[in-house]
Amino acid sequence: MELLKFKTNVQSQQQIEQVGPFLEKLQEIENWKIDVGTEENILSISGTNLNPQEIENAVKMAGYTAELLRVLGIGGQGL
C-alpha cells in the first residue's frame, strides 16, 4: 500500500465533488480525500502501483491542479 500526498487548489466541498469522478476512474486508487481545512488543500491517496502523473492529470482534467508533495511506503490503509 502506498500513500501519496498532493498540494491542490481545490477549496470547497463542491470542488471536491467535481474532482471525485476523475479520481474514481483510476483503478489503482483504494481511498482518497481532500482536506480543504489545510493551507495546501492536501489530497491524500492510498493504493497500489500509484502513478503520481496520472493522478495529477486526473485532477487537471477536472479543472484543478495537484502537485506531489511526498510518497510514503508500505503501510496501513489510513489517510
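In what order do the elements of the chain run from the N terminus on? The points below start from that order and work through the strands and then the helices.

1. The model is a predicted one. From the N terminus on, the order of elements is β-α-β-β-α-β, which gives two helices and four strands in the chain. The chain has 79 residues, of which 35% count as buried.

2. Strand β3 (residues 42-47) pairs with two other strands. With β2 (residues 29-35) the pairing is antiparallel and runs over six bridges. With β1 (residues 2-8) the sense is again antiparallel, over five bridges.

3. Individual positions fix the register of these pairings. On the β2 side, K33 has S44 as its bridge partner in β3, and N31 stands opposite S46. On the β1 side, F6 is opposite L43 of β3.

4. β2 and β3 make a hairpin, with six residues between the two strands. Within the turn, N41 adopts a positive phi of about 45 degrees.

5. Burial along β3 deserves its own remark. The strand is mostly covered, with six of its six residues buried. In a regular strand, side chains alternate between the two faces of the sheet. Here I42, S44 and S46 point one way from β3, while L43, I45 and G47 point the other way; all are buried. Two of the residues named in point 3, S44 and S46, therefore belong to one set, pointing the same way from β3.

6. Helix α2 (residues 52-61) has a buried side and an exposed one. I55, A58 and V59 are buried. These three lie on the same side of α2 because the arc they cover around the axis is only 95 degrees. K60 and M61, on the other side of α2, are exposed.

7. Both ends of α2 have a local feature to check in the model. At the start, a side-chain oxygen of N51 comes to within 2.9 Å of the backbone nitrogen of Q53. Just after the helix, G63 has a positive phi of about 100 degrees.

8. The remaining point concerns the helix pair. Two packed helices are described by the angle between their axes and the distance between the axes. For α1 (residues 13-24) and α2, the angle is about 140 degrees and the axes are 8 Å apart. That angle makes α1 oblique to α2. The crossing of α1 past α2 is right-handed.

Notes: Residues are numbered from 1 along each chain as its sequence is written. This is a predicted model: local features need pLDDT of at least 70, side-chain atom pairs count only at pLDDT 80 or more; totals for chains, interfaces and linings use all residues. Side-chain values use heavy atoms; hydrogens and water are left out. Buried means under 20% relative accessible area, exposed over 50%, partly exposed in between (1.4 Å probe, protein chains only). The arc is that of the directions from the helix axis to the C-beta atoms. A polar contact is a pair of N or O atoms within 3.5 Å; within protein, one must be able to donate a hydrogen and the other to accept it, and residues adjacent in sequence count only if both atoms are side-chain atoms. Two strands pair if DSSP finds at least two bridges between them. Axes are lines fitted to C-alpha atoms, for helices over the stretch in contact, and angles run from 0 to 180 degrees between N-to-C directions. Angles under 35 degrees count as roughly parallel, over 145 as roughly antiparallel, 65 to 115 as roughly perpendicular and the rest as oblique. A crossing is left-handed if the near helix is turned anticlockwise from the far one by less than a right angle, and right-handed if clockwise.
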